[in-house]
Amino acid sequence: MGMLNELMLEVPMHPHLADHEPHGLHMHYAPPSSRLPHRFRATTLMNLAELVVEHGLGRTGVCAAGDCDRVYADTSRSGRRRFCSETCANRTNVAAFRARRRT
């Protein structure tokens with residue numbers, strides 16, 4: 001949580017409502033004059049903060065696939081997600097299945 005707060009302090013944010021197609025009414029977190037990378041960073045940080053507030057820190061993690069270091073946000077009802085994607089989950093499960101068949 002401390003790291004997220006520090007990152008949000010590094011990015012000047014000016015939340016404001018925007019209404020344009022195709023999104024309709026929504027929030028922007030960086031000033032309209034900001035460069036695109038700054039706007040992406042502000043939006044990503046705010047969305048991550050909202051995820052942590054809504055679901056807690058326990059709903060984020062690092063992919064359990066051996067060759068993957070991506071992070072994920074678990075918004076499932078059960079909160080039992082272990083992989084960043086179906087691809088990593090399938091690859092890991094197939095490898096485990098093949099390993100069991102060899103023995």
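Let's start with the cysteines: in this predicted model, the number of disulfides comes to zero. Cys 68 takes part in none, and the nearest cysteine sulfur, 3.7 Å away, belongs to Cys 84. Seen from the other side, Cys 84 is likewise in no disulfide, with the sulfur of Cys 68 as its nearest cysteine sulfur at 3.7 Å. A disulfide here needs the two sulfur atoms within 2.5 Å, so a pair at 3.7 Å does not count as one. As for their surroundings, Cys 68 has a relative accessibility of 13%, and because buried means under 20%, Cys 68 counts as buried. Cys 84 is buried too, with a relative accessible area of 13%.

Now follow the chain to helix H2, which covers residues 36-55. How far apart should its ends be? With 20 residues and 1.5 Å a residue, H2 should span 28 Å, and its end C-alpha atoms are indeed 28 Å apart, so the two values agree.

Which residues of H2 are buried? They are Ala 42, Leu 45, Met 46, Ala 49, Leu 51 and Val 52. These buried residues pack against helix H1 (2-10) as well as two strands, S3 (60-62) and S4 (71-73). Just after H2 comes Gly 56, which has a positive phi, near 90°.

One more backbone detail deserves a look. The peptide bond joining Glu 21 and Pro 22 is cis, with omega at about 5°. To find Pro 22 in the structure, look in the loop between strand S1 (16-20) and strand S2 (24-28).

Note on methods
Residues numbered from 1 in each chain as written. Predicted model: local features only at pLDDT ≥ 70, side-chain atom pairs only at ≥ 80, totals over all residues. Heavy atoms only, no water. Helix = DSSP H or I, 4+ residues; strand = E, 2+ residues; numbered from the N terminus. Expected span 1.5 Å × (residues − 1). Buried < 20%, exposed > 50% of the residue type's maximum accessible area, 1.4 Å probe, protein only. Contact = heavy atoms within 4.5 Å.
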